[in-house]
There are 2 protein chains.
Amino acid sequence: MFSENHKKAGVCYPQGFTAAGVRAGIKKNGNLDVAVIYTEKKAAIAGVFTKNLVAAAPVHLSKIVVGTGTAHAVVANAGCANACTGEQGIRDAEKMAIIAAKELNCRADDIIVASTGLIGSNLPMDKMEAGIKDAVKNLSSEGSVNAGNAIITTDTYSKACATEVEIGGVEVRFGAIAKGSGMIRPDMATMLCFITTDADIDQKLLQKALRDATEVSFNCMTVDGDMSTNDSVVVLANGAASNKKIVDKGDDYQKFYETLKNICVELAKKIAADGEGASKFLTINVTGAESFADAKKVGMAVANSPLVKTAFFGQDANPGRTICAVGYSGVHIIPEKTSIKFGGLTVYDKGLVTKFDADAMKKILAEHDIVVDIDLGLGDTAATIYTCDLSFQYIKINADYTT
Amino acid sequence: MFSENHKKAGVCYPQGFTAAGVRAGIKKNGNLDVAVIYTEKKAAIAGVFTKNLVAAAPVHLSKIVVGTGTAHAVVANAGCANACTGEQGIRDAEKMAIIAAKELNCRADDIIVASTGLIGSNLPMDKMEAGIKDAVKNLSSEGSVNAGNAIITTDTYSKACATEVEIGGVEVRFGAIAKGSGMIRPDMATMLCFITTDADIDQKLLQKALRDATEVSFNCMTVDGDMSTNDSVVVLANGAASNKKIVDKGDDYQKFYETLKNICVELAKKIAADGEGASKFLTINVTGAESFADAKKVGMAVANSPLVKTAFFGQDANPGRTICAVGYSGVHIIPEKTSIKFGGLTVYDKGLVTKFDADAMKKILAEHDIVVDIDLGLGDTAATIYTCDLSFQYIKINADYTT
C-alpha cells in the first residue's frame with residue numbers, strides 16, 4: 001500500500017497533479033527550499049491549521065483560501081517560518097501567492113501558502129520570487145520527491161506516501177508529502193502536510209473527512225509537547241478520477257475517509273519516528289477508557305513525559321515513570337484497575353509494579369519500535385498515541401538552532 | 001535572612017527541634033538515607049501533598065496524620081519511593097511510623113512518614129528499622145545538615161534555610177530542609193520539604209498559611225513538567241517560642257504567613273536552580289494578566305517548553321519559541337499586546353520579534369541567572385515561575401536512573 005514507488009510518486013500519484021522543489025537560497029545549507037504543487041483542474045480543498053494564537057502569516061492567509069473552497073496550487077518554503085513578522089509577514093505571504101498565481105495563470109486566492117523554519121525573521125522576497133518562478137518552470141509528474149525535500153527542516157528524511165482505492169468502480173488515488181520533527185504535538189506542530197487526491201468529493205465532506213482523520217493521526221502524535229505557529233494540513237481533491245461525486249456519507253464516503261485516515265496515520269507515525277534526535281519509535285495504546293478524550297489524555301501525558309522518554313532512550317525498564325504520568329494525566333484513573341505492558345510484558349498490574357523477566361525486557365527495550373499498552377479497566381474506548389524518545393541529540397539540535 | 005549559619009541550623013533553628021540523618025544502606029551509593037526530625041513538645045502540623053492519583057504509600061499515611069492536627073516527628077528516607085507497592089507499601093509505611101514511635105515514646109499517628117527515590121520497589125525494612133533506631137539515637141540540635149542530606153536523590157546539594165520574625169514582641173523562628181530535582185512541576189513533584197517553627201498558631205490557620213504559601217512557591221516552579229507520586233510539604237509548629245497564640249487573620253498571622261511564604265519561595269528557587277542537569281536558573285515574570293491563573297498558565301507553558309529550555313541551554317536568543325509557547329498556553333492572549341524581554345532587553349513587541357543588541361544579548365544569555373519578562377497587556381495580575389534549562393546532563397541522569 002505504501003511502497004517505495006508510491007512514496008516516490010507522492011503528491012503526483014493522483015491524476016492531474018504536478019510538483020517541483022528548487023533551491024532558492026532560503027535555507028542556510030543551500031538545500032532545496034521552495035516547493036510548488038499544482039493541479040490545472042481546480043481542486044476542492046480542505047485544511048486544518050494550528051490552534052496557536054500566535055499563528056504565522058501564511059496560516060492566516062491559507063485559512064482564507066480554504067474558506068473559498070477551491071484552489072489550484074500550494075506554494076511552500078522551508079528555512080523561514082514567516083511567523084511573528086506582523087504586517088510585513090502578511091504582505092510577504094500574500095506576495096508569495098501573487099507571484100505563484102501570475103506564473104500559474106490563476107488567481108492569488110487559488111494558492112495555498114505555507115512556510116516553516118525559524119520564527120521571527122522576514123522572508124527574503126527576492127530569493128522567494130526567483131524560487132517560485134523556478135519551481136513553476138520545473139513542475140512535473142516526477143517532482144514530488146524534490147517538493148518533499150524542499151519543505152523539510154530538521155527532519156532527517158522527507159515523509160511521503162501514496163495509495164489508491166476503488167470507489168464506485170473507479171480507481172481513486174491519494175498522495176502526500178509531510179514534514180515535521182521538533183515542535184510536534186496535538187493540534188499539530190511544526191508540521192506541514194499536503195495531500196492530493198483525484199477523487200471527486202463535495203468540499204464540506206472533504207473538510208469533515210480531513211478533520212476526523214487529523215483527530216486520530218496528527219493530533220495523536222507528539223515529539224516534545226510544543227505546538228508550532230505554522231502547522232498546516234491541506235488536502236486538494238481535483239476530481240480527475242471521474243468517480244461519481246461523493247455527496248453524502250454513504251459507502252463511497254467511508255472508503256474515501258478510511259483511505260485518507262490511513263494516509264494521515266502513516267505520515268503521523270513517520271513524523272513521530274523521525275522526531276528530533278529520536279532513537280526509538282513508541283506506540284502508546286490506551287484501552288479501557290471511558291472516552292476517546294480520556295484515552296488520548298492519558299496517552300499524551302505518558303508520551304510527553306520527559307522522564308518516560310529518557311528512560312526509553314536509556315533502554316531502562318522504569319514502569320514507575322509510566323504509571324506516574326498516567327496518575328497525573330488529569331483523567332480519573334484507578335491505580336488498582338490499571339495495567340501496563342512494555343512490548344507485551346506486564347510491568348504494572350493491580351496497583352503494583354510487577355516482577356518481569358529482565359532478559360526478555362532487555363530485548364524488548366533494545367528494539368527500535370516499542371509498544372506500550374495501558375489498560376485503564378474503566379470502559380471500552382481506546383486511543384493510540386505515537387511518539388519517540390528524548391535523547392542527547394534532541395538537546396544538541398535545539399540548543400543551537402539559530403546559530 | 002538566609003545566611004550560611006541559618007542554612008546549617010535548618011530545621012533545628014526553631015526552639016525544641018532536633019534532627020538526624022544516618023546511613024541505612026537504602027541508597028546504592030552508601031550515602032545518608034534516613035532522616036528524623038523531632039520535637040518533644042507536640043506540634044500543630046499542616047501538609048500539602050501530591051495530586052497524582054498514583055500517590056505513594058507514605059503520602060496516604062501522612063495525610064491521615066495531618067488530619068489529626070498534631071505530630072511529634074517526621075521520618076523520611078531517600079533511595080526508595082515506596083510508590084506503586086500496593087498493600088505491602090502501606091504496611092511498610094505504617095511500620096516506619098511504628099518503629100519511630102516506639103523509639104520516640106509517642107504514638108504511631110504522631111509520625112509523619114515520607115519516602116523518595118525509585119518508584120515500584122519495596123522498602124528494605126530490616127535496613128529501615130536499623131536506620132530509624134540509629135537516627136533517633138543521633139538526634140541533636142546540630143542534625144539538620146545530615147537530615148537534609150539524607151533526603152536528597154539526584155539533587156546536587158541539599159536545600160535548607162532558616163529565618164526569624166518578631167511576632168507580638170517575641171522572636172519566632174522558622175527552619176526548613178527540602179529536596180527535589182527531577183519530576184518537578186506545579187502541584188509539586190519528587191519534592192519533600194519539611195518546615196519547622198516554634199510559633200504558637202492555630203492548626204487551621206497553619207494549614208491555610210501553608211496552602212497559600214505553596215501556591216506561589218512550590219506550585220510556581222517546574223523542572224521537567226512531571227509530577228511525582230511522593231511530593232509532600234509539611235510544617236510543624238511546636239509553640240516553643242511562647243508567642244501569644246495566633247488564632248485569627250490579624251497582623252500576627254500576616255507576619256507569620258509572609259515569613260513562611262519567603263521560606264517556601266526561597267526553597268522553590270533553590271529546587272528549580274538545582275533542576276536535573278540545570279546550567280541556567282530562569283525566572284519567568286508574567287505581568288498584565290487578567291488573573292493569577294492566566295499568568296501562571298502562560299509562565300508554565302514557557303517554563304515547560306523543551307524548545308525554550310534547550311535554547312537557553314544553548315545560550316541561543318530564540319524569542320520565537322517563547323512567544324510560541326505563550327501562544328499555545330491556552331490563555332486567550334493577544335499577540336499585538338504582548339511584549340517579552342530577556343534580561344531587560346525587549347525581544348518581542350507588538351506582534352513582532354524585535355531587533356536587539358546582539359552583543360548585549362550574548363552577555364545576558366551567558367549569565368547563570370536569566371529573567372524573562374512577559375507582559376500580556378491585558379490586566380494587572382502577575383505570577384512568577386521558576387525553572388531551569390534542559391541540558392545534555394538531564395538526559396544522562398534520566399536515561400540510566402535505575403541501572
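Let's start with what covers helix α9 of chain A: the list includes β10 (281–289), α8 (292–304), α10 (319–327) and β14 (369–375) of chain A, together with α12 (392–399) of chain B. Contact here is a C-beta criterion, with the atoms placed from the backbone and lying within 7 Å. Helices are DSSP runs of H or I with at least four residues, strands are runs of E with at least two, and both are numbered from the N terminus.

Before I go on, this is a predicted model: local features need pLDDT of at least 70, side-chain atom pairs count only at pLDDT 80 or more, and totals for chains, interfaces and linings use all residues. Residues are numbered from 1 along each chain as its sequence is written, while chains are lettered from A and ligands numbered from 1 in the order in which they are written.

So, back to α9(A), residues 306–313: how many of its residues are buried? Eight of eight, including Lys309(A) and Phe312(A). Buried means 20 or more other C-beta atoms within 10 Å of a residue's own; exposed means 12 or fewer, and partly exposed is in between. After the helix comes Gln315(A), with a positive phi near 55 degrees.

Now, how do the two chains relate? Chain B superposes on chain A by a rotation of 180 degrees with 0.0 Å of shift along the axis, at RMSD 0.0 Å; the fit is least squares on C-alpha atoms of residues with pLDDT of at least 70 in both. The copies are therefore related as by a two-fold rotation axis. In chain B, Phe392(B) has the C-alpha nearest that axis, 2.7 Å away. And 100% of the interface residues of chain B are also interface residues in chain A, so the copies meet through the same surface.

Next, the sheet in chain B. Seven strands form an open, mixed sheet, in the order β8-β15-β10-β14-β11-β12-β13, where pairing takes at least two DSSP bridges. At its edges are β8 (221–222) and β13 (352–353), each pairing on one side only. β8(B) runs parallel to β15(B), residues 381–388, and two bridges join them; Met221(B) stands opposite Tyr386(B).

Last, the domains of chain A. An automatic or database assignment gives domain 1 (4–273) and domain 2 (281–399). Their contact takes twelve residues from domain 1 and 13 residues from domain 2. On the domain 1 side, β8 (221–222) and α7 (251–273) of chain A each give two or more residues, and α7(A) provides the largest share, four residues.

Conventions:
Two residues are in contact if their C-beta atoms, placed from the backbone, lie within 7 Å.
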